[in-house]
Structure formats: C-alpha cells, structure tokens
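Here is a brisk report on internal cavities, one small sheet and the cysteines. The chain comes first.

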Amino acid sequence: MNKEQASKILSENLTAVYGYAFGKLYDKNQAEDLAGEIVCEVLRSAERLEKDEAFWGFVWSVAENTFRKFIRRNQYLQTCEWNEETANSHSSFYEPSPEERILAQEEQDESLYLLRRELSLLSKANREICVAYYMDNKSCSQIAMEQGISLEMVKYHLFKTRKLLKEGIGMTRTLGEKSYNPGVFRLDFWGDRNKYEGLFERKLPGSVLLAAYDAPVSMEELSMELGVAVPYLEDEMEVLEAAGVLKKQGTKYHTNLVILTNEYEKRFEKETADAYPPVAQALFDDVVALLPKIRALDFTWNKKDDNVLLFSILNILMVQVYQNAKAWSPLGAPPKLPLGCQGWIWGYDNAYENHHFLGVTMETWNQEGTAWFSAENYRILERCQPYPHRRFSEKAEIMCDAILGRASSGDASLIAELAEGSFLSCNDGILSANFPVFTPESFEELRALLRPIADRVTDFMMEITDHAHKLLSEYVPASVKDQCLDIAKIHHSLAVAAILMETLIKEGKLVIPDMQVPLCVWGVKCK
C-alpha cells in the first residue's frame, strides 16, 4: 500500500483514530497530539504493508506502539522539568497519571500471565512441590513426607523449578496450530471386539496422536502445540499410553499406530485409478455369462431381477477375492491389544472422507452354529442398504433366525429396525430373510463357479496392496513401519473390492435402487 492510499483511508476515518487516542489519555489536547503522531507513523510505514486487507490491523498495532512511546516521552519531559523550586513545593507532589497506571497494571498482568504459563508447563512432580512450598507454605520435610521422597530430592526439585521458571519467563512461546485448529482424527479397528470405539469421542486424544505422530514430542511441546496446560494433559496421556496408542520414549511421547493421511490416500488413489475399469469390465462380463448356471442353484431369492441378483453375486465374489488374498498372503497373527481384545488399529487424519465402506460383517454365525450371514455396507449403497452395526451380537441372532425361517426371541425393537430396513419380514411371528439364502452345498457350488474369476481378481488385489505397502512406508514414522504391511492388506484389499463395485455403478453396469434393498447381504442355512 502506498502513502496516497493510506492517506485517503485515514482522512476518511480520523474520528476513529482520535477516539482511540482520547480513550487512552482522557485529555483533549494530548489526544489531538497523539492522534497526529499515529497518523504520521502510519503514513511513514504504510509502504511496508503487503496486503491491503490487513490495513486496520496494522493501524491499531502502530497506534498501540505510538501510544507507549508518547507516554514514555512525556514521563521523561516531566523528569527534566523537575527543579529545586518545584521539589520544595507541596503542590508538586507526584501522582501517577491514568496512563502510567494502565502501563503499570499491564506489566503486572503480563508478569503474572508468564508465571502462570510456566507453571502450567511444569512436570507433575515439579509443579506439585512448587505449589506446596510457595503457595501452601508447607515445609520441605512435610512435602517430602507427602510425596514419599527424600528431603534432598524436595530441595533439588525446588532448585530445578526456580531455574525452569526463570528461564521460561524470559522465553517467547507461541501456541501451536492445534490450539485453535485441532484437526480431525478417526480410529479404525479390524478384529474380534472393538474396545477402542469410545476412546476418541473427544477432540483432545486425537489431537495428541496427530501432534505426536511425525516425531516424538515432550509434554511441554504438546502443551504449547495444543494450547492445553500440562495438568490437564497428564490424565489423557496416561489413558492413551494404557491403550497402547501412545508410547513414551524417555521424556518424550510418540504415536504408536499408523495414520493414513489424506495426503497419502489422495496420492494412492491418483496412482491406481486407471487400473480399475478394465478389471471391472472383465469380471462383470464373466459373471453375466454365468447367470444361467447361477439361477439353477438351490437358493431362495427373486431370481428374475438380474440387477439385484448381480449385486449379490458380485459381492459374494468380492468377499471370495478378499478371502483368497488373506490365504495367499496371510496377515500376521492378530496383535493382543492392551484393552483386552485382538486385532489391528490404525487412524485417519480426516472424518473417514476417503472410506469406501460403512461397516463390514463377514461370516457371522449364530450361537447354535446353525446359520451364518454376511453384510457388506459399501458406502455407495448407503441409501438402500444401511445395515446397522449397533448391538451387533443381538442383531446377528435375529438375522440368523430369519435365515432359518423361525420365530425369534430377540428384542422386538431390533426386529422392527431390521424389518424397516428391509433385511427381513415378519408374518405371524415367523421371520424370513429378504436376501439370498443358500444351503452349504449350493453355496460351495456357487463359489466353484466363481473361482476362476476370483483367482484373477485376487492377483489384481494383491498388486494393489503391494503398491499400497510401498507407498505407505514413505508416509509413516520409522517406529510404526512394521505395522504397514498388515494395515495395507486390510484397508486396501477391502478398498479394491469397493472401487470395483463403484466402477461398475458409475459405468451403468449396476443400478442402485431407489428403495431400501439388502443388495450385498446373503445367508447360509446349515440345518
């Protein structure tokens, strides 16, 4: 911004500048002098301003600095004018001006703020001993008894704390970005029973993992990055350590799981996008050619609707491909997790924006072992197949009762919820499945028909996951690289299945119905 532009804006807003000056000084003549000095200083410095939209922020910053200089200069002049005659006069008794009182209070407030800031950054032991000694007026021997440490150790902590406070008060500290923009963290789980589900319902635990991901950080660094005092962080850190998602290394903390960042997923999607259409077209043509043989199998379903039948058969194929990939390139043994379950956990730095599924239920049996079902909630099918995963085990029993065609002792509200979603029907208390139900023999016949196609698609899936493993290893810290292979297999194998289905939908080979239909659910009746 040049001087002419600044001068024009100021001339139109002199009242605001004068109002600022009068509000600081309460004296008309002095306010006029200060307003003039502010205008001159703004015009002198205007050319340094790069962005015009920042002009008024710049003006008030200059005004504040000019006010402080104005006060200091007036104080100096008053000192120079002090002489013996005025010194002996009762009328010259010095009384602080309103401005001086303001500045003195500001300095006191700033000192108190700095002290409190540094106290909030102390470790638990240093902080508790400092508060006990200086604020609660406890003796060193009393503190030693309460803390269960020696008298010498109390004195050491006090010495160390004084040194830390003195050094810290002289430092310029800046709150990190996550203090005002905490970011988004979401957890994913693949295993037996998810006991990590409620751990990240609040923002702070996820922000801790994001802040400690790229490199180990101290409690003090975390405090400044997150804008949260250490006393409030300590409990969170203990919970995250106990859950195994955060690891302490000496005096620093490091995130102990893989985070699939938005940057990584976007790059991976871009690098693999062109590979899907030819594979999707080939597998679709092969399945369509098998439809006459598939219709001849022993299973219950509306065999006249080719679109709905193709969704079901293609989903069975995708699950078969995923199971092939697990058999051909097995995962490691499911890790035993600290919260008492087994499986794999990883995270995302976004609200599942790149997800292709809204839940996966593979081969879930009833307690009797007489029936099982599978339900894959592809994200693209959200409006027509919202299979609910809440109260998972209870719903699984009801779904298997429907497969067996019998009355259910399950919760009536859950039966109604599944019926409303069109997963089952209820007539005179007897449940029936609204999705394909096979016998074990007919299901194996179907798998045999699909096997040559599944084998070819499995090769493709493994090529994609191999690429994912290599790329993901470039994006994670060295401390969690050993987790990348299994995470890439789990996450990207399922994603391959979903993207192939999405490709067929986008190309018009499959059509999503306008009503709720369990497109990607099937069951097997073993009795």
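The largest cavity in this predicted model has a volume of about 110 Å³. Its lining consists of Y322, A325, K326, S329, L331, M462, T465, D466, K489 and S493. Three elements give two or more residues each to that lining: α15 (306–328), α18 (440–472) and α19 (484–506). By class, the lining residues divide into 4 nonpolar, 3 polar and 3 charged.

The structure holds 2 cavities of 30 Å³ or more. The second largest contains about 40 Å³ of space. M318, V319, Y322, F357, V360, M362, E376, Y378, L494 and A497 line the second largest cavity. At least two lining residues come from each of α15, β9 (357–365), β10 (371–378) and α19. Y322 lines both cavities.

| Cavity | Volume | Lining by class |
|---|---|---|
| Largest | about 110 Å³ | 4 nonpolar, 3 polar, 3 charged |
| Second largest | about 40 Å³ | 9 nonpolar, no polar, 1 charged |

Next, the sheet. Three strands form an open, antiparallel sheet in the order β2-β4-β3. β2 (217–218) and β3 (246–249) each have a single partner strand, so one side of each is left without a neighbour in the sheet. β2 pairs with β4 (residues 252–255) over 2 bridges, in the antiparallel sense. One bridge partner is Y253 in β4, which sits opposite V217.

How many disulfides does the structure hold? There are 0. C40 is exposed, with a relative accessible area of 52%. C426 is partly exposed, at 41%.

Definitions and conventions:
Residues numbered from 1 in each chain as written. Predicted model: local features only at pLDDT ≥ 70, side-chain atom pairs only at ≥ 80, totals over all residues. Heavy atoms only, no water. Disulfide = S-S within 2.5 Å. Buried < 20%, exposed > 50% of the residue type's maximum accessible area, 1.4 Å probe, protein only. Pairing = 2+ DSSP bridges. Helix = DSSP H or I, 4+ residues; strand = E, 2+ residues; numbered from the N terminus. 1 Å grid on protein atoms, 1.4 Å probe; cavity = no way out; pocket = protein on both sides within 12 Å on 5 of 7 lines; lining within 4 Å. Points joined across faces, edges and corners; volume = space filled by probe spheres on them. Nonpolar A, V, L, I, M, F, W, Y, C, P; charged D, E, K, R; others polar.
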